[in-house]
Amino acid sequence: MNSQLQNTDLLPLEDILNTILCDLKRSVREYTTATTESNCPSIRQMFTELTDSTLKLQGNLYQIMSQNNMYTAPTPAPRTEVSKQLQSAQQTVQKAQQFVQQRVPNMNAAYQQQPNIPSGPSKFM
Amino acid sequence: MNVSQMQPMSNKELEYISDCISNEDLLIKQCAAAAVVSQNPTISQAITQHIRTHEQHLTKLTGALQQHQNLAPTQGH
């Protein structure tokens, strides 16, 4: 029985890679939470870099698995559904703009004037 | 790292670092298992590179503990 096990993988590569992919996702979430809950700027910076690096590893492993047919590609969303969501999103954008314009009337003017406003006290004064 | 950005680490930060060290350790072991099983050179190469990156993560996390060791108060609150 032992010799049979020696000749057979304890776990197929596909399953091992799937487990790693899941743990990378979990790791990214943990690094992101750690970043948002950091107090020391140097530790926040470290967690930000580790989040980014782990996201890259997760993306890289996903690509490898996808290229080797180890991951079933998600089904594409139908056009009718995309159009429906787009229409809803456009309404949301419009309403958000109206909301801001009603409450911050000078916002557009402020943006337009910005180039003429000094960015702060002049260093040469 | 800018010295002025160094503050004593909180208990929460310490716990996250400790948990993340465990995660990285587990990922290294899983990648090593995958590298042994894989018969595809492209996958083996990519997984080996992953192991190196996880090792760098471990170095970074351990380094943060070392850097903050002297900043930590000698008595707990």
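This is a short tour of a predicted model, moving from chain A to its interface with chain B and then to one histidine.

**Stop 1: chain A by itself**

Start by selecting chain A and showing it as a cartoon. You will find five helices and zero strands, and reading along the sequence gives the pattern α-α-α-α-α. Of its 125 residues, 23% count as buried. If you turn on the surface, the accessible area of chain A comes to about 9700 Å², with carbon and sulfur atoms accounting for 53% of it. Now think about which parts of the sequence meet: among contacts in chain A with a separation of 6 or more, 55% are between residues 24 or more positions apart.

**Stop 2: where the two chains meet**

Bring chain B back into view and select the residues of each chain that touch the other. On the chain B side there are 33 residues, in contact with 35 residues of chain A. Together the chains bury about 2900 Å² between them, and carbon and sulfur atoms give 67% of that area. Which three residues of chain B supply more of its buried area than any other three? Select E13(B), Y16(B) and H50(B): they supply 19% of the area that chain B buries against chain A.

**Stop 3: polar links across the interface**

Next, look for the charged and polar pairs. Two salt bridges run between chain B and chain A. To see one of them, select E49(A) and K60(B), whose closest N and O atoms are 2.7 Å apart. Counting polar contacts between the chains, with both residues at pLDDT 80 or more, gives 13 residue pairs.

Now colour chain B by element. Helix 1 (11–37) and helix 2 (41–69) of chain B are the elements that give two or more residues to the side touching chain A. Helix 1 of chain B gives the most, with 15 residues. Colouring that same side by residue class shows 17 nonpolar, eleven polar and five charged residues.

**Stop 4: a close look at H50(B)**

Finish by centring on H50(B), which you met at the second stop and which lies in helix 2 of chain B. Is this histidine buried or exposed? H50(B) counts as buried because its relative accessibility is 2%, under the 20% cut-off. Show its neighbours next: leaving aside residues up to four places away in sequence, H50(B) touches L57(A), N60(A), L61(A) and C31(B). Of these, pick N60(A) and display its side chain, which a polar contact of 2.8 Å joins to the side chain of H50(B).

Key
Residues numbered from 1 in each chain as written. Chains lettered and ligands numbered in written order. Predicted model: local features only at pLDDT ≥ 70, side-chain atom pairs only at ≥ 80, totals over all residues. Heavy atoms only, no water. Contact = heavy atoms within 4.5 Å. Buried area = accessible area lost by both parts, 1.4 Å probe. Salt bridge = Lys/Arg side-chain N within 4 Å of Asp/Glu carboxyl O. Polar contact = N/O pair within 3.5 Å; in protein donor to acceptor, adjacent residues only side chain to side chain. Helix = DSSP H or I, 4+ residues; strand = E, 2+ residues; numbered from the N terminus. Nonpolar A, V, L, I, M, F, W, Y, C, P; charged D, E, K, R; others polar. Buried < 20%, exposed > 50% of the residue type's maximum accessible area, 1.4 Å probe, protein only. Areas by Shrake-Rupley, 256 points an atom, 1.4 Å probe, with all protein chains shown as cover.
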